[in-house]
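Trainee: I am new to this structure and would be grateful for a close look at a single residue. Please describe its surroundings, and then place it within the whole.

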Amino acid sequence: MANDASTVFDVVILGGGSGGYAAALRAAQLGLQVALIEKGKLGGTCLHNGCIPTKALLHAAEVADQTRESAGFGVKATFEGIDINGVHAYKDGVISGLYKGLQGLVASRKITYVSGEGRLSSPTTVDVNGERYTGRHIVLATGSVPKSLPGLAIDGDRVISSDHALTLDRVPNSVIVLGGGVIGVEFASVWKSFGAEVTIIEALPHLAPLEDENSSKLLERAFRKRGIKFELGARFSGVEYTATGVRASLENGKQVEAELMLVAVGRGPVSQGLGYEEAGVATDRGYVLVDEYMQTNVPTISAVGDLVPTLQLAHVGFAEGILVAERLAGLKVVPIDYDGVPRVTYCHPEVASVGITEAKAKELYGADKVVTAKFNLAGNGKSKILKTAGEIKLVQVKDGAVVGVHMVGDRMGEQVGEAQLIYNWEALPSEVAQLIHAHPTQSEALGEAHLALAGKPLHNHD
């Protein structure tokens, strides 16, 4: 394949998801000539098969719950059911608007956008549609796809992935959710609100197992109250078809039957057959290995997003893409502190956190050096108005900074912005306690937790 002047760039980016397009936008902003190659739709998983559509479904689920519960607020309303076509129209409208905006943004930055399946052909070239695009630097951003377990076939009919779940043409009567992590609990929450019977199967001892154990227990309590069933510490052993759906078997001998089974055991990197190994790029279990500056072992190649073994979050992809673009433009960059990344699970109630768990803090600093404080949302006026329950928990190094903020309750994802400033700026509880939070807001709960940790609690007991 021959190059011409129009196919030589400063940066060629393979993949137009969160990490790839963020790198493209920032690199172009810094004056670099950029080619962005994407085989699907610009925006990738987050916009089309992940963050945005799932959160739209979760909001529709919230509206359904509020309609059912409206009498508790003195509002007369009748819940007549879920119009799944209407839900999809709403969801797709949100996606469409963001998609058009993103396309316009990429065009405005004079980025060369190439639609097609690209393949790395050397440390400085990518082949797509019979053309060869050469870059002074290559950025790999090919993302991830839903994973399964060995021997478990996803047929798209009775055993489905999150991709299938997003376009399901009905509300199932009953669902087994295999996996109690972020994807699993979010879909479990949606389907329960839509009227399905839901059972989660999780091999680890808790739902949301990467969160602080206190948050996991609060979520489990809330799900129990909502009628969402779960089997914890239960390893899946197999699934078979029944006359009306599927039957899942567990290693402990239990069986669960339902109309559908969602496989939500995580997402795996898209790296096979794309020329990475032939170009000498080091990988591990399919993930491309990078240093703290997102540089691979090949000097001309960087990698970002779900393709690398960091947190699989769109906002992490954005940050990694920006870091690479700025490094290639010659700016001084600072490695990402992944503990300082806000994490939100958008089920009902929401789980949000930043920093490290109490268990991790004790491991790092010693049990006698770790102090915690909790503030129950029952003592927060706005949370009472919203009729949400939950808690904010702080983890502090004794006489030092707050190193973990863990929150459970409706709308807690909206509080995590302040929480990440507290963690990343290494704030002392006494410093946060001096700040005045508006009343009545849920943000007050975060302030109250710091008042407690500073030894001067207001609306909670000593």
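Mentor: Let us take Ser174. Leaving aside residues up to four places away in sequence, Ser174 touches Glu197, Ala258, Glu259 and Leu260. The model in which these contacts are seen is a predicted one. With one of these partners, Glu259, there is a polar contact: a polar atom of the Ser174 side chain lies 2.9 Å from the backbone nitrogen of Glu259.

As for its place in the chain, Ser174 belongs to strand β9, which covers residues 174-178. Is Ser174 buried or exposed? Its relative accessibility is 19%, and because a residue is called buried when this value is under 20%, Ser174 counts as buried.

The wider setting may now be described. Of the 462 residues in the protein, 52% are buried. The secondary structure comprises 13 helices and 24 strands. The radius of gyration is 24 Å, close to the 23 Å that the globule rule gives for 462 residues, so the protein is as compact as a globular protein of that length. Along the principal axes, the C-alpha trace spans about 70 × 60 × 45 Å.

Contacts across the sequence can be considered for the protein as a whole. Among contacts with a separation of 6 or more, 62% join residues that are 24 or more positions apart.

Finally, the surface and the charges. The accessible surface comes to about 20,900 Å², and carbon and sulfur atoms account for 52% of that area. The protein has 42 positive and 52 negative charges, and the mean positions of the two sets are 3 Å apart.

Conventions:
Residues are numbered from 1 along each chain as its sequence is written. This is a predicted model: local features need pLDDT of at least 70, side-chain atom pairs count only at pLDDT 80 or more; totals for chains, interfaces and linings use all residues. Side-chain values use heavy atoms; hydrogens and water are left out. Helices (H or I, at least four residues) and strands (E, at least two) are DSSP runs, numbered from the N terminus. The radius of gyration is taken over C-alpha atoms; the globule rule is 2.2 Å times the number of residues to the power 0.38. Buried means under 20% relative accessible area, exposed over 50%, partly exposed in between (1.4 Å probe, protein chains only). Contact means heavy atoms within 4.5 Å. Accessible areas come from the Shrake-Rupley method with a 1.4 Å probe; for residues, only the protein chains shown count as cover. Lys and Arg count as positive and Asp and Glu as negative; His and the chain ends are not counted. The place of a charge is taken as NZ of Lys, CZ of Arg, CG of Asp or CD of Glu. A polar contact is a pair of N or O atoms within 3.5 Å; within protein, one must be able to donate a hydrogen and the other to accept it, and residues adjacent in sequence count only if both atoms are side-chain atoms.
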